[in-house]
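Student: I've got a structure to look at and I don't know where to begin. Could you walk me through it?

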Protein chains: 2
Amino acid sequence: MGELGVTLAPWRPAVAHALHRNRSLVYSRYVQLATVDEYGRPANRTVVFRGFRANTNQLLFVTDRRSQKAHQAVIQPWAEICWYFPKTREQFRLLGQIRLIAVDTPDPADHQLRQQLWQQLSDPARLQFTWPQPGAAAAGREAFTGDPPPNDEPVAPFCVLLLEPERVDHLELRGEPQNRWLYERRGDTWGSQQINP
Amino acid sequence: MGELGVTLAPWRPAVAHALHRNRSLVYSRYVQLATVDEYGRPANRTVVFRGFRANTNQLLFVTDRRSQKAHQAVIQPWAEICWYFPKTREQFRLLGQIRLIAVDTPDPADHQLRQQLWQQLSDPARLQFTWPQPGAAAAGREAFTGDPPPNDEPVAPFCVLLLEPERVDHLELRGEPQNRWLYERRGDTWGSQQINP
């Protein structure tokens, strides 16, 4: 274990390898994030993977405070990511709890992380956070125009969403038969075993 | 409305168009299916779209009776599919209830559908239904060999999974700004409106 952080989880090299081997496909960084809504029904949407938080095994995403997933993160923190890599034909399922870092975070490190992810966004991505209420009846086109907000200070709806995996299921479809490993966290350590596909 | 079936839902042409324009990518038929497990946590995995059931708006998939999703379909029928099309950069989210057609189905039409989907499977796909218990500690390689079962009669674990959409959220990332439509079913009719992305 490093002085500054936690041990790199044993599934991390496999994710890094998949990201590398699929790097020619921009959408290999798109994952499907499932949460549970206020009626107990699943909700599932595509989000962009923004890397791991330094010295942790937490996956980083950005979201709008006004979106359903931000709302769901607060009322029901369990989430499962499904990450399919087309080129290497492998799938990771990452189950864990999500946490939101919003404009009013009291934590200095969280505040800094939010600034940092905002600064890394493209102009069109920043602009989206100034658009009218997501999911409301369509506003006129003029509500979507204008200049992107400056990249020094995040706008209020901008949030970081972190997923802390508890269980990771890695399936390689290319194996013969197929290879599948299950990783489970127990406190600070991870167990792993090979399981049937 | 046709004599034999229901009205084609208004989102069907958009799905058909996306399938056609993305047909060069085999994985444009792979979708992520989210369900809710017995602890109320989301579960999310990739499944292969097998078409629509004739004269319905139901999406067809196949699964193993011994899998978690087959178990979850019975205890908690709500599911949401996330379907991302890489080439046209559009996403469909289909929320609905799932239903399983298993070996003991008493319904003749369901029985026939199960036969038909079994017969359309490739040899390697049929072989998977003879493999040892999915998710159990890895069996030896010899448990995965053998000939695929004949294609006339499905093996017992083989199930058809149907999703009947209640709500469909279609997002086109390529629009300017982006285009998003929401379709909602009310009994036999569908309402639709354009909403903010």
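Tutor: Sure, and one definition comes in handy straight away: helices (H or I, at least four residues) and strands (E, at least two) are DSSP runs, numbered from the N terminus. This is a predicted model, where local features need pLDDT of at least 70 and side-chain atom pairs count only at pLDDT 80 or more, while totals for chains, interfaces and linings use all residues. Residues are numbered from 1 along each chain as its sequence is written, and chains are lettered from A and ligands numbered from 1 in the order in which they are written.

Student: Where in chain A is Asn55(A) found?

Tutor: Asn55(A) has a positive phi of about 60 degrees, although it isn't a glycine. As for its place in the chain, Asn55(A) sits in the loop between S2 and S3 of chain A.

Student: Is Asn55(A) buried or exposed?

Tutor: Count the C-beta atoms, placed from the backbone: a residue is buried if 20 or more others lie within 10 Å of its own, exposed if 12 or fewer, and partly exposed in between. Asn55(A) has 12 other C-beta atoms within 10 Å, so it is exposed.

Student: What is the pattern of chain A along the sequence?

Tutor: Chain A has 4 helices and 8 strands. Going along the sequence, they come in the order α-β-β-β-α-β-β-α-α-β-β-β.

Student: What is the radius of gyration of chain A?

Tutor: It's taken over C-alpha atoms, and the globule rule to hold it against is 2.2 Å times the number of residues to the power 0.38. For 197 residues that rule gives 16 Å, and chain A comes close to this, so it is as compact as a globular protein of that length; its radius of gyration is 18 Å.

Student: Which strand of chain A is joined to S3(A) by 6 bridges?

Tutor: Strand S3 (residues 59-64) of chain A is mostly covered, with 5 of its 6 residues buried. Two strands pair if DSSP finds at least two bridges between them. Thr63(A) stands opposite Cys159(A). The antiparallel partner, joined to S3(A) by 6 bridges, is strand S6 (residues 158-172).

Student: How are the two copies related?

Tutor: Superpose them by least squares on the C-alpha atoms of residues with pLDDT of at least 70 in both. Chain A lands on chain B with an RMSD of 0.0 Å after a turn of 180 degrees and a shift of 0.0 Å along the axis. The copies are thus related as by a two-fold rotation axis.

Student: Which strand gives the most to the side of chain A that touches chain B?

Tutor: Two residues are in contact if their C-beta atoms, placed from the backbone, lie within 7 Å. By that test, 39 residues of chain A are in contact with 39 residues of chain B. Several strands of chain A supply at least two residues each to that side, including S1 (30-36) and S5 (90-101). The top giver, with 6 residues, is S4(A).

Student: And which residue of chain B is Ile81(A) in contact with?

Tutor: Ile81(A) is among the residues with the most contacts inside the largest nonpolar core, which has 74 residues. Such a core is a set of buried Ala, Val, Leu, Ile, Met, Phe, Trp, Tyr and Cys residues joined through C-beta atoms within 7 Å. Leaving aside neighbours within four places in sequence, the contacts of Ile81(A) include Val31(A), Leu94(A) and, from chain B, Asn44(B).
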